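Grab the model and work through a few short exercises on what surrounds a ligand and where charges meet rings. Try each one before reading its solution.

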Amino acid sequence: MQAVNLLPRDIDVPPMLRHGEGAAVKLSHVSRSFDGNRVLSGLDLTVRPGEFLSIVGKSGCGKSTLLRLIAGLDKPTSGTVTVDGKPATQAGDRLRIMFQEPRLLPWASVAENVAVGLRGGPDPTSVADALAAVQLPDKADFWPAQLSGGQRQRVALARALVSHPGLLVLDEPLGALDALTRLTMQNLIRDMHAKAGFTAILVTHDVAEAVALSDRVIVLGQGGILSETQILRVGPTTRGSAELAAIEAEILDAIFAA
Ligand SMILES: Nc1ncnc2c1ncn2[C@@H]1O[C@H](COP(=O)(O)OP(=O)(O)OP(=O)(O)O)[C@@H](O)[C@H]1O
Ligand SMILES: [Mg+2]
């Protein structure tokens with residue numbers, strides 16, 4: 001494992017969701033096999049409350065499998081996965097998931113789609129706050145079909161965060177977006193994480209994205225964690241800086257060495 005110090009972050013925090021308590025995630029000796037083929041093998045991982053962790057690795061190495069276990073959508077063949085000390089399958093409202101596709105209801109308005117994230121039924125103030133946080137305050141009455149791809153993904157982010165989850169799990173959430181929209185969304189996710197305090201676990205193919213957003217990046221491969229990089233941020237980081245490029249190069253080396 002290596003730790004890297006970076007320059008101060010340039011966080012421009014918009015008014016948004018209230019500060020929440022991040023969830024603690026713990027995986028102990030987790031293995032997952034499919035029809036006898038072992039994808040994950042005796043994996044141990046602890047994610048501290050409020051941490052932003054990214055998982056990178058070659059296609060097919062088990063990133064989505066690992067994320068599904070953390071999200072309680074699947075159970076390990078052996079080992080345990082807990083969120084705040086309870087089985088991940090019981091995390092309920094503490095946990096929200098975002099995928100590559102926004103998965104909005106086409107027949108419901110933007111506001112109604114965001115309200116889906118609230119268990120206690122529609123709450124116009126919370127929905128309006130969440131839409132303001134993702135910078136779509138004027139789109140509440142639009143249909144999903146009237147939005148751009150990036151705007152739809154922002155609605156999905158508002159839906160995920162409207163209930164103030166302790167854990168946000170993201171599987172390639174920006175994978176389908178163009179490069180510019182992707183950068184805007186990265187800044188939004190980073191700022192919302194800094195402000196709202198949830199724990200974030202992100203799977204991405206984009207090593208630059210992982211480095212730009214995370215406190216820690218792990219490389220997954222051969223059933224386990226191949227390398228781990230701590231990124232200690234004491235202030236704004238400049239995209240494209242030599243320091244960031246060097247971290248990215250080392251993570252890429254670890255991926256390709258697998
Ligand atoms: N439900 C399943 N049944 C059988 N095999 C599965 C199942 N889910 C995943 N696998 C296998 O587990 C391995 C890891 O898949 P996974 O989707 O976790 O990879 P990934 O790292 O997310 O890949 P990508 O970067 O392409 O999304 C693959 O070989 C896949 O075929
Ligand atoms: Mg995947």
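Below are three exercises, each with a worked solution.

This is a predicted model, where local features need pLDDT of at least 70, side-chain atom pairs count only at pLDDT 80 or more, and totals for chains, interfaces and linings use all residues. Residues are numbered from 1 along each chain, chains are lettered from A and ligands numbered from 1 as written, and side-chain values use heavy atoms, without hydrogens or water.

**Exercise 1.** List the residues that surround ligand 1 and sort them by type.

Step 1: look for residues with a heavy atom within 4 Å of the ligand. You get Phe34, Val39, Lys58, Ser59, Gly60, Cys61, Gly62, Lys63, Ser64, Thr65 and His205.

Step 2: sort them, with Cys counted as nonpolar, Lys as charged and Gly as polar. That makes 3 nonpolar, 6 polar and 2 charged.

Step 3: check the helices (DSSP runs of H or I, at least four residues). Helix H1, residues 63-70, gives the largest share of the shell, 3 residues.

**Exercise 2.** Find side-chain polar contacts (N or O pairs within 3.5 Å) to ligand 1.

Step 1: start with Thr65, whose side chain has an N or O atom 2.6 Å from a ligand oxygen.

Step 2: Lys63 does likewise at 2.7 Å, and His205 puts a polar side-chain atom 2.9 Å from a ligand oxygen.

**Exercise 3.** Which rings have a charged end sitting over them?

Step 1: apply the test, NZ of Lys or CZ of Arg within 6 Å of the ring centre and within 35 degrees of the ring normal.

Step 2: Arg103 sits over Phe99, 3.8 Å from the ring centre, and Lys139 over Phe142, at 4.7 Å.

How values were computed. Polar contact = N/O pair within 3.5 Å; in protein donor to acceptor, adjacent residues only side chain to side chain. Helix = DSSP H or I, 4+ residues; strand = E, 2+ residues; numbered from the N terminus.
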